[in-house]
Amino acid sequence: MASTFPLQFFSASSLSLLLLLFFFTAASALGINYGQIADNLPHPESVTPLVKSMGVSRVKLYDADPRVLKAFANTGVEFIVGVGNEYLASLGDPKQAQAWVKSNVQCYLPATKITCIAVGNEVLTFNDSTLSSHLLPAMESIHSALVSLNLDKQVTVTTAHNLGILDVSYPPSAAVFRRDLIQKLTCILDFHCKVGSPFLINAYPYFAYKSDPKQIPLDFVLFEGSGIVDSGSGLHYDNMFHAQIDAAHSAMEKLGYKTVCLQISETGWPSKGDADEAGATLENARKYNGNLLKLISQKKGTPMKPNLDLNIYVFALFNENKKPGPTSERNFGLFNPDGKPVYNLGFNVTGLGNTNSPSSGGSSGGNSGGSSGGSSDGTTTPSVTAPNGYLSITADDAERLPVRGAFWVFCVMASIITTALQL
């Protein structure tokens with residue numbers, strides 16, 4: 001994408017990043033999460049030119065908002081649409097599943113390029129046995145509906161997990177899933193093998209750092225550290241993001257699933273936080289997401305899977321002013337609601353398009369959907385109460401999980417090894 005701005009408007013560092021992003025947009029598709037828990041977001045028709053000018057070719061929703069799907073018709077942008085956790089029980093019914101697919105997917109095809117349906121979000125770590133028991137049946141019913149409508153070759157079915165599904169996570173080569181989740185995860189992985197859909201992970205090094213900033217090296221989570229060596233595999237990890245991903249890879253392989261494709265459905269860093277939210281600063285957010293884009297542009301996989309295309313979706317497009325929880329929850333966006341960047345990542349964006357239609361403040365136009373980082377998104381009145389905020393790798397979540405399942409165990413050990421290597 002050629003720049004239309006005079007070069008004098010950019011610093012040397014900005015120009016370097018802009019050149020990097022030129023290669024990035026040409027060589028590797030950028031995915032973005034489009035959450036809408038806010039009352040000040042622009043109408044989706046205004047968002048379309050912004051997304052296109054970023055070079056984004058893939059968008060993930062937490063619902064199937066008809067305003068968004070209509071606005072992006074004939075743009076070529078690929079969509080993951082979401083099914084809210086509150087719908088899992090009802091969508092186990094084949095008739096209701098087919099009705100959902102017809103009204104939320106089929107009617108927008110082929111103009112809007114819907115390629116995947118994410119059924120629920122981080123369901124297994126809600127620690128709600130009733131809710132989790134509905135997950136796979138809903139996935140299977142949705143897939144069966146796609147088959148009956150001859151859409152299964154173009155639309156896949158999956159669900160996203162956070163790293164709380166891990167029991168052991170350090171070193172990455174020793175990682176295993178939580179024992180109480182192995183049966184459910186085995187069935188889900190069997191489903192992925194059968195239908196050819198990806199296993200989605202929400203990976204947030206930020207929450208690991210936030211949980212123990214005195215022990216975890218900030219440069220390791222910002223892609224700027226010297227790294228660690230996995231004592232089991234001998235592989236070198238120069239950032240926590242790759243270590244988190246390969247921990248999930250190892251856990252999958254120990255169950256015998258070496259060929260299921262793992263992709264990253266969420267990752268990001270907040271630009272603002274409360275006084276007790278270590279690391280939640282604008283500069284750290286710029287470094288994390290800037291270095292993440294650099295990593296993606298290099299088209300490298302992880303140390304364990306060097307040729308893997310992770311299809312990373314950055315969280316998130318906009319700051320969302322109505323998200324519950326600490327200040328950081330409302331400040332993961334790359335852009336403010338007025339279309340201005342929260343910080344400079346070198347994007348040559350055109351800004352928002354013109355429309356007189358205001359956003360409906362997160363309403364999905366009839367489809368309450370998904371979870372934006374663990375929160376119900378795209379809905380004005382959620383039909384069920386769900387835990388708020390991100391579930392992955394927070395200190396509070398570590399307390400809710402078995403001790404060995406808390407990802408901060410990995411973080412602490414990683415910091416010890418990093419310190420030892422620097423001596």
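This report describes a predicted model of a protein, from its overall make-up to three individual residues.

## Confidence in the model

The mean pLDDT of the protein is 82, and 77% of its residues reach 70 or more. Residues 1–28 have a pLDDT below 50. Beyond near neighbours in sequence, this stretch has 41 contacts in the model.

A second stretch with pLDDT below 50 covers residues 360–423. Here the model has 173 contacts beyond near neighbours in sequence.

## Overall make-up

The protein has 423 residues, and buried residues make up 58% of them. Its secondary structure comes to 14 helices and 14 strands. The accessible surface is about 16,300 Å², and carbon and sulfur atoms account for 54% of that area.

Contacts often link parts of the chain that are well separated in sequence: of those between residues at least 6 apart, 73% join residues at least 24 apart.

## The sheet

Eight strands form an open sheet with parallel pairing. Their order across the sheet is β11-β8-β5-β4-β3-β2-β1-β12. The edges are β11 (262–266) and β12 (313–314), each of which pairs on one side only.

Strands of a sheet pair through backbone hydrogen bonds, either parallel or antiparallel. One pair within this sheet is β2 (residues 56–60) with β3 (residues 78–83), joined in the parallel sense over 3 bridges. Lys60 has Ile80 in β3 as its bridge partner.

## Helix α8 and Phe191

Helix α8 (residues 182–195) packs on the sheet, where it touches β5 (156–162) and β8 (199–202). The direction of the helix makes about 145° with that of β5.

Phe191 lies in this helix, α8. Its relative accessible area is 5%, so Phe191 counts as buried. Leaving aside neighbours within four places in sequence, Phe191 is in contact with Leu136, Met139, Glu140, His143, Val157 and Ser197. Thr158 is 33 residues from Phe191 in sequence, and the C-alpha atoms of the two are 8.8 Å apart in space.

## His242 in helix α11

His242 is part of helix α11, which covers residues 240–254. This histidine is buried because its relative accessibility, 6%, is under the 20% cut-off.

The side chain of His242 reaches the backbone oxygen of Gly301 at 3.3 Å. Gly301 is also among the contacts of His242 outside its neighbours within four places in sequence; the others are Tyr237, Leu295, Thr302 and Pro303.

## Val342 in a loop

Val342 is placed in the loop between β12 and β13 (369–372). Is this loop residue buried or exposed? With a relative accessible area of 15%, Val342 falls under the 20% limit and therefore counts as buried.

Apart from neighbours within four places in sequence, the contacts of Val342 are Ser271, Leu282, Asn319, Gly333, Leu334, Phe335 and Asn336. Between Val342 and Asn331, which are 11 residues apart in sequence, the C-alpha to C-alpha distance is 9.1 Å.

Methods
Residues numbered from 1 in each chain as written. Predicted model: local features only at pLDDT ≥ 70, side-chain atom pairs only at ≥ 80, totals over all residues. Heavy atoms only, no water. pLDDT = per-residue confidence, 0-100. Contact = heavy atoms within 4.5 Å. Pairing = 2+ DSSP bridges. Helix = DSSP H or I, 4+ residues; strand = E, 2+ residues; numbered from the N terminus. Axes fitted to C-alpha atoms, helices over the stretch in contact; angles between N-to-C directions. Buried < 20%, exposed > 50% of the residue type's maximum accessible area, 1.4 Å probe, protein only. Polar contact = N/O pair within 3.5 Å; in protein donor to acceptor, adjacent residues only side chain to side chain. Areas by Shrake-Rupley, 256 points an atom, 1.4 Å probe, with all protein chains shown as cover.
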